[in-house]
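Here are some worked exercises to try with the model open beside you. Take each task by yourself before reading its solution.

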Amino acid sequence: MSTHTHDQHAHGTHANGGHANGGHVAADQAQAHAHAGHGGHTAHAHGGGDHPAGLPGGLQITQDGYTLDLAETVVRPGDLDLRFRILGPDGRPVTDYTSIHDRDLHLIVAQRELTGFWHVHPELADDGTWSVRLHLPEAGAYRVFTDIAPTALGRTITLGADLAVAGDYDPRPTPAPNRAAVVDDYEVTLDGDLTTGAGGLLTLTVRRNGVPVTDLQPYLGAYGHLVVLRAGDLAYVHVHPNGAPGDGVTAPGPAVTFHTAAPGVGTYRLFLDFRHDDTVRTAAFTLTAAAHHHH
Ligand SMILES: [Cu+2]
């Protein structure tokens with residue numbers, strides 16, 4: 001595993017500008033290594049409700065015998081070391097994972113109102129304890145998600161657990177619907193509709209200072225990662241784009257397309273991670289998913 005540090009900030013550039021928490025995650029140089037092995041995969045989702053229970057991912061702290069065990073469920077705001085284990089069906093910490101997009105575990109942390117968002121990659125110690133440095137700037141109700149594929153299970157699951165950050169808490173509504181997000185000097189626009197059932201096509205277009213970006217860099221084997229969270233229950237979907245870097249047909253921007261099926265109607269917050277100039281940034285959007293209509 002890498003030994004990089006993460007420089008996390010809350011994400012979620014708001015159309016209404018009511019809460020200044022734009023930012024970026026520093027470039028993860030460790031991810032500059034070859035991604036050629038990922039060529040050829042097409043759009044797919046993990047954690048998206050493909051398991052027998054038929055539920056969306058992320059709603060359960062324990063699933064298929066695997067449990068997300070946070071070392072602490074109440075923390076203070078600011079810098080913290082988030083530590084946790086994945087306990088297997090035998091109750092012991094799991095140490096054997098199959099990599100998903102270059103990593104054995106993807107950790108997503110989101111504020112319940114879907115204002116802040118972090119996507120980081122913890123380190124696994126020999127005893128099965130995962131840990132990562134986080135900066136959670138403010139008190140509130142948070143949700144922690146782990147995308148994992150325990151080798152013994154043979155497929156991906158997304159576990160979710162609540163994390164409380166202690167202190168005075170000023171709840172905010174989910175950010176209003178938006179189709180353009182600004183992060184640093186980038187503007188990302190979103191076209192297409194989020195539908196249930198057969199995946200609607202979402203196109204995210206990245207511009208920098210008004211100029212289309214045509215040299216997006218692969219991040220974890222793709223030109224973008226889209227995490228979709230439902231307001232109200234934080235049902236979780238992680239989607240990878242159509243086409244892969246190095247497949248000979250997929251352009252490195254300005255558009256990245258995703259076939260995305262929402263796990264039901266509702267309001268969703270979409271977080272696009274993209275990498276350019278060696279920095280990973282997150283653009284956030286709010287969309288409403290309507291039922292899919294058959295013609
Ligand atoms: Cu990840």
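**Exercise 1. Find the strand that holds Leu201, and describe the surroundings of this residue.**

Step 1. Leu201 sits in strand E16, residues 200–208; strands (E, at least two residues) and helices (H or I, at least four) are DSSP runs, numbered from the N terminus. Residue numbers start from 1 along each chain as its sequence is written. Please keep in mind that this is a predicted model, in which local features need pLDDT of at least 70 and side-chain atom pairs count only at pLDDT 80 or more, while totals for chains, interfaces and linings use all residues.

Step 2. Next, burial. A residue is buried if 20 or more other C-beta atoms, placed from the backbone, lie within 10 Å of its own, exposed if 12 or fewer, and partly exposed in between. Leu201 has 15 other C-beta atoms within 10 Å, so it is partly exposed.

Step 3. Now the contacts (C-beta atoms, placed from the backbone, within 7 Å). Setting aside neighbours within four places in sequence, Leu201 touches Gly192, Thr257 and His259. Ala261 is 60 residues from Leu201 in sequence, yet their C-alpha atoms are 8.8 Å apart.

**Exercise 2. Work out why strand E7 is largely enclosed by the rest of the structure.**

Step 1. Count buried residues along E7 (residues 105–111): seven of the seven qualify, so the strand is largely enclosed by the rest of the structure.

Step 2. Look at the two faces. In a regular strand, side chains alternate between the two faces of the sheet. On one side of E7 are Leu105, Leu107, Val109 and Gln111, on the other His106, Ile108 and Ala110, and all are buried.

Step 3. Find the partners, remembering that two strands pair if DSSP finds at least two bridges between them. E7 pairs with strand E11 (residues 140–148) in the antiparallel sense over seven bridges, and Val109 stands opposite Val144 there. Strand E8 (residues 117–120) is also antiparallel to E7, through four bridges, with Ile108 facing His119.

Step 4. Close the hairpin. Five residues lie between E7 and E8, and Leu114 in this turn has a positive phi of about 65°.

**Exercise 3. Identify the residues with the most contacts inside the largest nonpolar core.**

Step 1. A nonpolar core is a set of buried Ala, Val, Leu, Ile, Met, Phe, Trp, Tyr and Cys residues joined through C-beta atoms within 7 Å. The largest has 65 residues, and those with the most contacts inside it are Val109, Ala110, Val228, Leu229, Tyr268, Leu270 and Leu272.

Step 2. Strand E22 (residues 279–289) gives the most to this core, namely six residues. At least three core residues come from each of domain 1 (40–165) and domain 2 (180–289), with bounds taken from an automatic or database domain assignment.

Step 3. Take Tyr268 as an example: beyond four places in sequence, its contacts include Leu194, Val228, Arg230, Ala262 and Leu287.

**Exercise 4. Locate the unusual backbone angles in the loops.**

Step 1. The peptide bond from Gly253 to Pro254 is cis, with omega near 5°. Pro254 belongs to the loop between strands E19 (236–239) and E20 (255–262).

Step 2. Asp64 has a positive phi of about 55° although it is not a glycine. Its loop connects strands E3 (62–63) and E4 (66–70).

Step 3. His101 also has a positive phi, near 45°, in the loop between strand E6 (78–87) and E7. With 18 C-beta neighbours inside 10 Å, His101 counts as partly exposed.

Key. Two residues are in contact if their C-beta atoms, placed from the backbone, lie within 7 Å.
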